[in-house]
Structures are given as C-alpha cells and as structure tokens.
Amino acid sequence: MDAFIIYQSCLNGSQSTTWSGHTVEIIKNIINSIFHNAINDSNISTFTNVIRKLVGHFGLFFISGIFTSLAIYYLLYENKLAHYYKILIMLPFGLSVAIITEVIQLSVPNRSGQLTDVLIDFAGYFTAIILVNLILLLIFYKKKTNKK
C-alpha cells in the first residue's frame, strides 16, 4: 500500500487529477443516484477537494495503517512487548511516509507539498492503528478470559 501511495505522490498534477477524477466521478454518481442532482456544477469543486482529501489522503493512509498494524502485531506476536509499545513502533513509520510523500510532491510538476496533507495522512494512519489495536486488544482479552 505504501508503494502505491508513494507512486501516487510522484505523479504530476494532471496525472494525479485524472486518478482522483475517476474516484470523484464514481462517488458523485452514487450520491446523485440517491439524492438527485446533489452534486452539480455549483458544488463540484468543493466536492472534488473533499473527496481528494478524504479518499486520497485519509483513506489511503487509513488502509496503510490497517496493514501496518496487522504486520507489526503478527511479526511481534510472540514478543512480550505491550500493545502500546507496538503502537509506538508503528507511528513513526506512518508519519515518515506522510512526510516523504509531501516532500516528493515539492519537486513534481503542478504538485505541492502541504503540511495540512501530512496531518490528514497521519490522521488516517493513526485512526486505523488505534482501531485495529483496540480490536486486537479485545480479541486478546476475550481469549485470555476464556482460558480461565
């Protein structure tokens, strides 16, 4: 997933717009099929920006956070590190990828690196890590209580 995210950050502005345009169009069509003409010429620009941030930043990093959480959890499964130490291992990785992708965009034509995008990226990553680890803790706790 992180390779895909880095690949996307290397695309120039028009290529990136094409990729996100497909996603925007699909979501727009779904919404407009439910709520007739909810997304139209007067609000398409705002809608596109929201979808780019929600799906392209928060969503992709959320998925990355899920995979990273599961990878670290199962790689360190036998290790006696507490769950919160595992989370401390995961966080710098997500933050690093968020920063790297925005720094890459500083040198790509028609793209710009944004601090707000780093924050949105990391928020998606952090949210996934917390949710996955809460679920894993609940599963771990349930297994532990069932053994007694």
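## Briefing: helices, salt bridges and a pocket

Ile104 sits in helix H4. Keep in mind that this is a predicted model, so everything below is computed from it. Here's a quick tour, going from the end of H4 to the salt bridges, then to the largest pocket and a nonpolar patch on the surface.

**Around Ile104 and Gln105**

- Leaving out residues up to four places away in sequence, Ile104 touches Ile6, Ser9 and Cys10.
- Ile104 and Leu11 are 93 residues apart along the chain, yet their C-alpha atoms are separated by 9.7 Å.
- Gln105 is another residue of helix H4, and its relative accessibility of 5% falls under the 20% cut-off, so Gln105 counts as buried.
- Once residues up to four places away in sequence are set aside, Gln105 touches Ser9, Arg111, Ser112 and Gly113.
- Ser9 therefore turns up in both contact lists, touching Ile104 as well as Gln105.

**Salt bridges**

- How many salt bridges does a search of the whole structure find? There are two.
- One of them pairs Asp117 with Lys53, and the closest N and O atoms are 2.5 Å apart. This pair links distant parts of the chain, with Asp117 in helix H5 and Lys53 in helix H3, 64 residues apart.
- Are Asp117 and Lys53 buried or exposed? Asp117 has just 4% relative accessibility, so it's buried, while Lys53 comes out as partly exposed because its relative accessible area is 25%.
- Helix H5, where you'll find Asp117, covers residues 115-147.
- Beyond its neighbours within four places in sequence, Asp117 is in contact with Lys53, His57 and Glu102.
- The other bridge joins Lys28 and Glu25, with 3.4 Å between the closest N and O atoms.
- Lys28 and Glu25 are three residues apart in helix H2, so about one helical turn separates them.
- Lys28 counts as buried because its 19% relative accessibility is under the 20% limit, whereas Glu25, at 38%, is partly exposed.

**The largest pocket**

- The largest pocket holds about 510 Å³ of space. It's lined by 25 residues, and the closest to its centre are Ser16, Arg52, Gly56, His57 and Arg111.
- Which helices supply at least two residues of the lining? They are H1, helix H2 (13-34), H3, helix H4 (83-105) and H5.
- H3 gives the largest share of that lining, with nine residues.
- Two of the residues closest to the pocket centre, His57 and Arg111, have come up already: His57 is in contact with Asp117, and Arg111 touches Gln105.

**A nonpolar patch on the surface**

- Met1, Phe4, Tyr7, Trp19, Ile63 and Phe67 make up a nonpolar patch on the surface, and together they have about 570 Å² of accessible area. Helix H1 (2-10) and helix H3 (44-75) are the elements that give two or more residues to this patch.
- Tyr7, one of the patch residues, lies in helix H1.
- With 44% relative accessibility, Tyr7 falls between the 20% and 50% cut-offs, so it counts as partly exposed.

Notes
Residues are numbered from 1 along each chain as its sequence is written. This is a predicted model: local features need pLDDT of at least 70, side-chain atom pairs count only at pLDDT 80 or more; totals for chains, interfaces and linings use all residues. Side-chain values use heavy atoms; hydrogens and water are left out. Helices (H or I, at least four residues) and strands (E, at least two) are DSSP runs, numbered from the N terminus. Contact means heavy atoms within 4.5 Å. Patches are made of residues with over 30% relative accessible area and no salt bridge: like charges are joined within 9 Å, nonpolar side chains (Val, Leu, Ile, Met, Phe, Trp, Tyr) within 5 Å. Accessible areas come from the Shrake-Rupley method with a 1.4 Å probe; for residues, only the protein chains shown count as cover. A salt bridge is a side-chain nitrogen of Lys or Arg within 4 Å of a carboxyl oxygen of Asp or Glu. Buried means under 20% relative accessible area, exposed over 50%, partly exposed in between (1.4 Å probe, protein chains only). On a 1 Å grid over the protein atoms alone, a cavity is a set of points where a 1.4 Å probe fits but cannot get out, and a pocket is an open set with protein on both sides within 12 Å along at least five of seven lines; lining residues have an atom within 4 Å of a point. Grid points are joined across faces, edges and corners, and a volume is the space filled by probe spheres set on the points.
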